[in-house]
Amino acid sequence: MSEYQMIINGEKVSADEHFPVLNPATETVIAQCPQATSGHLDAAVDAARQAFPAWRDMSDSARAERVHAIGAALASHADELAQLLVQEQGKPMGGFAGLGAQFEMGGTVAWCHATADLTLPVDIIQDNDEARIEVHRKPLGVVASITPWNYPLLIAIWHTMPALRSGNTVVIKPSEFTPLTTLRAAEIINELLPPGVFNIVTGDGSLGAAMTSHPGIDKIVFTGSTPTGKKIMQGASGNLKRLTLELGGNDAAIVLPDVDVAAVAPKIFATALINNGQTCAALKRLYVHEAVYDELCQALAGIAASVKTGPGDGEVDFGPVQNKPQFDKVCAIAADAKASGARILTGGEPLPGPGYFFPVTIVADIDEGTRLVREEPFGPILPVLKFSDVEDALRRANDSTNGLGGSVWSSDIEAATRLASRLECGTAWVNNHAMIQPDAPFGGVKESGFGVEFGRYGLEEYTSIQTLQVSKV
Ligand code: NDP
């Protein structure tokens with residue numbers, strides 16, 4: 001069994017204590033990971049602080065080159081990293097609509113290169129006989145990244161490449177459920193950077209909490225649940241850390257009566273079930289006009305009945321739910337839906353045998369007050385709700401403490417766009433959902449968090465503004 005090591009100040013570091021990492025398809029231990037102590041965290045933060053001035057002062061083009069080199073190096077290890085993702089995360093290599101481990105690797109490499117190509121040019125506010133006023137973007141210092149278990153490597157790259165690109169140094173903590181791919185990627189990344197620029201420590205949520213309140217850290221970028229995001233915000237107040245919080249979503253989609261059901265059903269299915277539903281911006285509440293409700297329910301149930309759930313190393317569409325607490329949550333939410341009298345069109349019960357397998361479950365005629373509608377299930381289960389009045393559908397869609405994404409589906413693009421712009425969320429899609437790309441900002445409103453990732457707007461979050469005013473009189 002492999003034993004993994006952390007990386008602190010360019011060196012591989014072990015620990016006295018270890019924790020096991022499981023394959024969620026078999027529930028067997030596949031590796032042991034070091035449990036970082038507070039001493040390891042201090043050492044990682046110190047190393048990042050020491051490395052910061054030289055990294056900050058390196059030329060912009062040299063930093064861009066390093067981030068491109070990281071993209072190329074990860075690409076050359078894509079097969080190995082994708083295999084690790086299958087083992088620890090559970091997702092299939094290819095998977096439904098090609099959205100499995102290879103997709104995550106493709107995104108990882110693409111985001112490295114796109115981030116390397118971003119720039120933060122100086123903004124000239126005034127340049128006349130009186131004064132020249134320039135706005136500069138300065139790196140913050142040490143950025144800590146705390147990542148979840150749904151896209152372990154892709155989210156690590158989303159957090160850390162803009163941090164490096166803009167001149168910050170990094171300490172990353174992956175989820176205790178999925179640390180392996182990030183540890184291996186960190187080894188590859190570390191070979192391309194000066195010691196201390198990229199550090200990785202592993203442990204459980206208490207290590208994340210210690211990072212949150214660590215005085216040597218200047219910013220936390222976090223993706224995960226809203227309750228943990230709130231704790232991070234409290235912990236970060238000690239030294240006024242900057243925060244980017246990308247928290248849970250409970251995205252609504254509104255399907256208008258003029259859709260071509262046969263055309264939209266596969267797309268709706270794919271964007272709801274992406275990564276087995278374990279995606280922050282997956283479509284999670286489907287509001288369908290009564291004129292097409294039965295037809296769309298039938299179409300979705302037909303697709304669900306045709307897909308295969310099983311171990312990710314086989315020819316399957318979907319793998320297991322990633323971990324036991326999440327699996328228990330999905331089972332409880334499904335049982336609650338059933339007990340409420342909702343119509344279970346497919347699935348509904350966990351699959352037998354070892355592994356956290358839950359089949360794709362489509363639920364119709366469900367009450368708005370059930371857990372499945374009110375909470376983010378973060379698993380392969382989709383509620384389909386009926387409406388007759390569009391304004392009522394919009395009200396119900398917006399009646400959520402979350403506000404990550406939302407969508408409208410219709411043949412009338414103008415009407416759909418008008419309606420989509422009234423959704424209370426950070427990204428609104430028309431005839432699509434959960435589509436992200438490295439040059440368009442992505443982030444939540446309400447309790448889905450604040451700050452954005454990606455593109456110039458995302459890069460700016462890793463900097464502070466310095467206004468430079470040169471008097472000419
Ligand atoms: P968490 O938010 O608890 O975990 C995300 C990351 O935060 C992990 O690295 C975790 O460490 C770390 N962490 C845990 N506690 C703290 C803390 N007090 N301070 C700092 N960091 C901490 O998510 P869960 O794994 O518990 O999942 C619960 C729910 O969160 C899911 O059901 C889903 O609804 C939502 N979720 C949303 C995600 C998204 O993409 N927005 C991703 C994952 C989950 P460790 O894992 O080592 O405990």
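**Ligand environment in the predicted model**

In this predicted model, an oxygen atom of the ligand is found 2.9 Å from a polar side-chain atom of Lys173. Two glutamate side chains also approach ligand oxygen atoms. For Glu176, the distance from a side-chain N or O atom to an oxygen atom of the ligand is 2.8 Å. For Glu376, the corresponding distance between a side-chain N or O atom and a ligand oxygen atom is 2.6 Å. The isolated ligand would expose 870 Å², and 87% of this area is buried by the protein.

The ligand occupies the largest pocket. Two or more residues of the shell around the ligand are contributed by each of the elements α7 (205-212), β11 (219-223), α8 (226-235) and α11 (324-339). Of these, α7 gives the most, supplying 4 residues to the shell.

The surroundings of the ligand comprise 29 residues, of which Thr147, Trp149, Ser225, Gln326 and Glu376 come nearest. Glu376 is thus named both among these nearest residues and in the contact at 2.6 Å described above. In terms of residue class, 13 members of the shell are polar, 9 are nonpolar and 7 are charged.

At the level of domains, residues of the shell are provided by domain 1 (2-247 + 447-471) and also by domain 2 (251-438); the ligand therefore lies between the two domains.

Definitions and conventions
Residues are numbered from 1 along each chain as its sequence is written. This is a predicted model: local features need pLDDT of at least 70, side-chain atom pairs count only at pLDDT 80 or more; totals for chains, interfaces and linings use all residues. Side-chain values use heavy atoms; hydrogens and water are left out. A residue is near a molecule or strand if one of its heavy atoms lies within 4 Å of it. A polar contact is a pair of N or O atoms within 3.5 Å; within protein, one must be able to donate a hydrogen and the other to accept it, and residues adjacent in sequence count only if both atoms are side-chain atoms. Accessible areas come from the Shrake-Rupley method with a 1.4 Å probe; for residues, only the protein chains shown count as cover. On a 1 Å grid over the protein atoms alone, a cavity is a set of points where a 1.4 Å probe fits but cannot get out, and a pocket is an open set with protein on both sides within 12 Å along at least five of seven lines; lining residues have an atom within 4 Å of a point. A molecule sits in a cavity or pocket if more than half of its atoms lie within 2 Å of its grid points. Ala, Val, Leu, Ile, Met, Phe, Trp, Tyr, Cys and Pro count as nonpolar, Asp, Glu, Lys and Arg as charged, and the others, Gly among them, as polar. Domain bounds come from an automatic or database domain assignment.
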